Amino acid sequence: MDPAPSLPTAAAAAANPVAPPTADKRSALYDLIAFFLEGGIQIWVRITGKRIREADAPWLRCPLGERGRIGTGIYERIARDENLQIRVPPGAGLIPDFNALRGPSFNPDAIHPAIRHFYEHAAAYHLEVWTEVSLLGRFFLWLLVEFISRRMEQLNFPISSLEVAKGMSSEVVQLLEPASGRIVYTGWLRRLKSSGHVIYAGLYSTVQVPGEPNPCVKVTFPCNGSANVYLCPVAHPDGSFGLDSSGSAWGRSGFYRIVRSGAEHRRVRYVKTLHELFHVYMDDEGVLRTEHIISFLGLTIIRLHYKMSPASSHASAIDSKRTPDAIEQPI
């Protein structure tokens with residue numbers, strides 16, 4: 001009688017792994033959905049967007065990402081393409097000089113000194129974040145994150161607070177001209193401490209938008225093309241600081257989706273119903289906090305709350321700027 005066939009050993013199974021058919025089908029389905037979602041966005045921008053010659057709209061000029069993974073490598077790619085040097089100073093800021101936002105209706109001197117310090121030295125702060133997603137927004141954000149954002153490691157909005165329960169890392173990356181040392185781009189890279197996955201890999205700068213009286217904060221997120229947000233600075237009476245992208249027409253603050261359209265042209269779609277609002281303030285206990293709201297068609301999609309704590313080496317610099325007048329006297 002022939003011996004009964006033996007079961008495969010664990011070593012043999014490990015040497016010849018076979019993906020379960022169900023996993024293969026699920027992966028293929030996800031790839032198909034991602035292909036149509038990303039392709040649909042590209043087609044929508046190309047059909048409905050304005051064709052702009054890049055040289056005619058310098059305020060829209062920005063690095064464009066390629067299809068596929070963005071992640072931490074985007075800064076190296078930009079530096080290579082534009083012959084720039086990368087520097088990561090420990091106390092670098094998103095806006096090296098907050099006075100760059102000064103304009104006819106915005107006075108940087110009216111902003112609490114600790115808020116100015118954060119923008120000028122953001123790399124020296126630790127971030128804690130909480131998130132709240134509306135019922136309507138949960139489905140749309142899940143589609144975006146599950147099928148596009150996680151694959152390219154960009155714009156990974158945290159849908160659940162559990163995702164950021166262990167904190168968020170923050171790193172400011174400067175891209176400079178080698179000869180002059182001029183900062184061409186300031187990158188802000190934020191990752192989940194729990195997994196190291198990229199949440200946002202953005203580029204920050206200040207720019208004059210044609211339809212706005214004051215310089216705006218420009219945030220570029222390279223993706224398959226780029227997503228640009230232009231935010232108007234706001235000085236509140238209590239010394240807190242606002243950034244508002246609720247412009248109502250082309251050439252004003254707001255959200256602009258950009259894709260290539262030849263060597264010198266871009267297709268640009270302005271989405272006037274998509275708005276972002278930031279409110280940066282000192283709470284009653286002297287803690288620096290930010291409320292960040294993203295809304296679409298007037299409905300709140302996601303609300304993020306940040307707590308920014310300075311590293312000990314920078315705490316004294318902030319405290320020295322907190323004069324009684326700056327804290328107690330309304331501006």
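Biologist: In the hairpin of strand 8 and strand 9, which residue takes a positive phi?

Modeller: That's G239, with phi near 90°. The hairpin leaves 5 residues between its strands. Bear in mind that this is a predicted model, where local features need pLDDT of at least 70, side-chain atom pairs count only at pLDDT 80 or more, and totals for chains, interfaces and linings use all residues. Residues are numbered from 1 along each chain as its sequence is written, and side-chain values use heavy atoms, with hydrogens and water left out.

Biologist: How do you know that strand 8 and strand 9 pair?

Modeller: Two strands pair if DSSP finds at least two bridges between them. Strand 8 (residues 225-235) and strand 9 (residues 241-244) are joined by 4 bridges and run antiparallel, so they meet that rule. For one partnership, take C232, whose bridge partner in strand 9 is D244.

Biologist: And what makes strand 9 and strand 12 a pair?

Modeller: Same rule. Strand 12 (residues 274-282) is antiparallel to strand 9 and has 4 bridges to it, with L243 standing opposite F278.

Biologist: What makes something a strand or a helix here, and how many of each are there?

Modeller: They're DSSP runs, numbered from the N terminus: helices are H or I with at least four residues, strands are E with at least two. The protein has 7 helices and 14 strands.

Biologist: Why is R289 called buried?

Modeller: Buried means under 20% relative accessible area, against over 50% for exposed and partly exposed in between (1.4 Å probe, protein chains only). R289 comes out at 18%, so it counts as buried. Across the 331 residues of the protein, 46% get that label.

Biologist: What makes the link between the side chains of R289 and D283 a polar contact?

Modeller: The rule asks for a pair of N or O atoms within 3.5 Å; within protein, one must be able to donate a hydrogen and the other to accept it, and residues adjacent in sequence count only if both atoms are side-chain atoms. R289 to D283 is 2.8 Å, and the R289 to H305 side-chain link is 3.1 Å. R289 itself sits in strand 13 (residues 288-296).

Biologist: Which residues is R289 in contact with, leaving aside its neighbours within four places in sequence?

Modeller: Contact means heavy atoms within 4.5 Å. On that basis R289 touches H279, V280, Y281, D283, H305, Y306, K307 and M308.

Biologist: Why is helix 4 called largely enclosed?

Modeller: Helix 4 (residues 113-120) has 8 of its 8 residues buried, so the rest of the structure largely encloses it. That set includes charged-type names such as R116 and E120.

Biologist: Which residues of helix 3 are buried, and what covers them?

Modeller: The buried ones are I74, Y75, R77, I78 and A79. Their cover includes strand 2 (85-87), strand 4 (168-176), strand 5, strand 6 and strand 7. Helix 3 is followed by N83, which has a positive phi near 55°.

Biologist: What makes a positive phi worth a remark?

Modeller: Most residues other than glycine have a negative phi. Yet E153 has phi near 50° and L155 about 55°. E153 lies in the loop between helix 5 (135-152) and strand 4, and so does L155. E153, at 11% relative accessibility, counts as buried, and L155, at 15%, does too.

Biologist: What makes a space a cavity and not a pocket?

Modeller: Both come from a 1 Å grid over the protein atoms alone: in a cavity a 1.4 Å probe fits but cannot get out, while a pocket is an open set with protein on both sides within 12 Å along at least five of seven lines. Lining residues have an atom within 4 Å of a point. Points are joined across faces, edges and corners, and the volume is the space filled by probe spheres set on them. The count is 1 cavity of 30 Å³ or more, and the largest holds about 50 Å³. Its lining is I52, R53, E54, A57, L60, R61, R266 and V268.

Biologist: How does the lining of the second largest pocket divide by class?

Modeller: Ala, Val, Leu, Ile, Met, Phe, Trp, Tyr, Cys and Pro count as nonpolar, Asp, Glu, Lys and Arg as charged, and the others, Gly among them, as polar. That gives 10 nonpolar, 3 polar and 9 charged residues. The pocket's volume is about 460 Å³, and R61, C62, P63, E82 and Y185 lie nearest its centre. Strand 6 gives the largest share of the lining, 5 residues.
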